[in-house]
Amino acid sequence: MTVRICPSILNADRTRLLEEIDRVATADLLHLDVMDNIFVPNQTFSITECREIIAHSKIPVDSHLMIANPDDDAILYAEAGSASVTFHFEASQNPRATIKVLKESGVRVGLAIKPKTTFEAIADLLEEIDMLLVMTVEPGFGGQSFMSDQLPKIESARAAIGALTGVLPWLQVDGGISLETISLAARAGADTFVAGSAIYKASNPAEMISILRVAADF
Ligand code: DX5
Ligand code: ZN
């Protein structure tokens, strides 16, 4: 299985963000958490800051939109140059239409579900997307503990992906991914791993990326 590691810059040092981005350039994708203080009780990067981050990053940017109105606004993050744009199912009035608009822009399309949302709720959209993001914490903050009660959902998603034909969507996990938990998520079927604290709290983030990669590849 191809393993992808996606460092989240949410808890990187904001006073030297561009340097912090350069420190993780051996990763597969840079994970950009966009929060609007409506969908989640926290606010992060403005669209202007997102454009700067995307322009600076040497690796493709994986934008994770925790915003209340993705149906109107997700396209802005595709136009800003993201390689991948993931929006929350819970925030969308018409996920199928938003997936279509994003796809037409040429970006990879991800759909995210919060811990209380079942896999079955989005199962019929699986064929339309490039990535499913199963949140393993309540979205909003870095540094929370991995919710192991999400593992059966990851297993269900992997089983359903296995039954598809053609190019298969990636299965991403986000929240509490560490050296201890990454193998649990990988064994359940995840192939794409967001890690914030684990990477940025390490003394050598690049080395931690390699260690996480090995731990996920069993
Ligand atoms: C949480 C964000 C995550 C967060 C992960 O809502 O979506 O991407 O930065 O941080 P850690 O790895 O510290 O849980
Ligand atoms: Zn995220």
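**Ligand site and nonpolar cores**

Around ligand 1 lie 20 residues, of which Ser8, Gly140, Asp174, Gly196 and Ser197 come nearest. The model is predicted. Ligand 1 occupies the largest pocket.

Polar side chains reach the ligand at several points. The side chain of serine 197 places an N or O atom 2.4 Å from an oxygen atom of ligand 1. For aspartate 33, the corresponding distance from a side-chain N or O atom to a ligand oxygen is 2.8 Å. Histidine 64 also takes part: a polar atom of its side chain lies 3.3 Å from an oxygen atom of ligand 1. Taken alone, ligand 1 exposes 380 Å². The protein buries 98% of that area.

The largest nonpolar core comprises 62 residues. Within this core, Ile9, Leu32, Leu132, Phe193 and Ile199 touch the most other members. The surroundings of one of these residues, isoleucine 199, were examined further. Leaving aside residues up to four places away in sequence, isoleucine 199 touches Ile5, Pro7 and Val24. Its contacts also include Pro205, Met208, Ile209 and Leu212. Another core lies apart from the largest one. This other core has six residues, among them Leu10, Met35, Val40 and Met66.

Methods:
Residues are numbered from 1 along each chain as its sequence is written. Chains are lettered from A and ligands numbered from 1 in the order in which they are written. This is a predicted model: local features need pLDDT of at least 70, side-chain atom pairs count only at pLDDT 80 or more; totals for chains, interfaces and linings use all residues. Side-chain values use heavy atoms; hydrogens and water are left out. A nonpolar core is a set of buried Ala, Val, Leu, Ile, Met, Phe, Trp, Tyr and Cys residues joined through side-chain atoms within 4.5 Å. Buried means under 20% relative accessible area, exposed over 50%, partly exposed in between (1.4 Å probe, protein chains only). Contact means heavy atoms within 4.5 Å. A residue is near a molecule or strand if one of its heavy atoms lies within 4 Å of it. A polar contact is a pair of N or O atoms within 3.5 Å; within protein, one must be able to donate a hydrogen and the other to accept it, and residues adjacent in sequence count only if both atoms are side-chain atoms. Accessible areas come from the Shrake-Rupley method with a 1.4 Å probe; for residues, only the protein chains shown count as cover. On a 1 Å grid over the protein atoms alone, a cavity is a set of points where a 1.4 Å probe fits but cannot get out, and a pocket is an open set with protein on both sides within 12 Å along at least five of seven lines; lining residues have an atom within 4 Å of a point. A molecule sits in a cavity or pocket if more than half of its atoms lie within 2 Å of its grid points.
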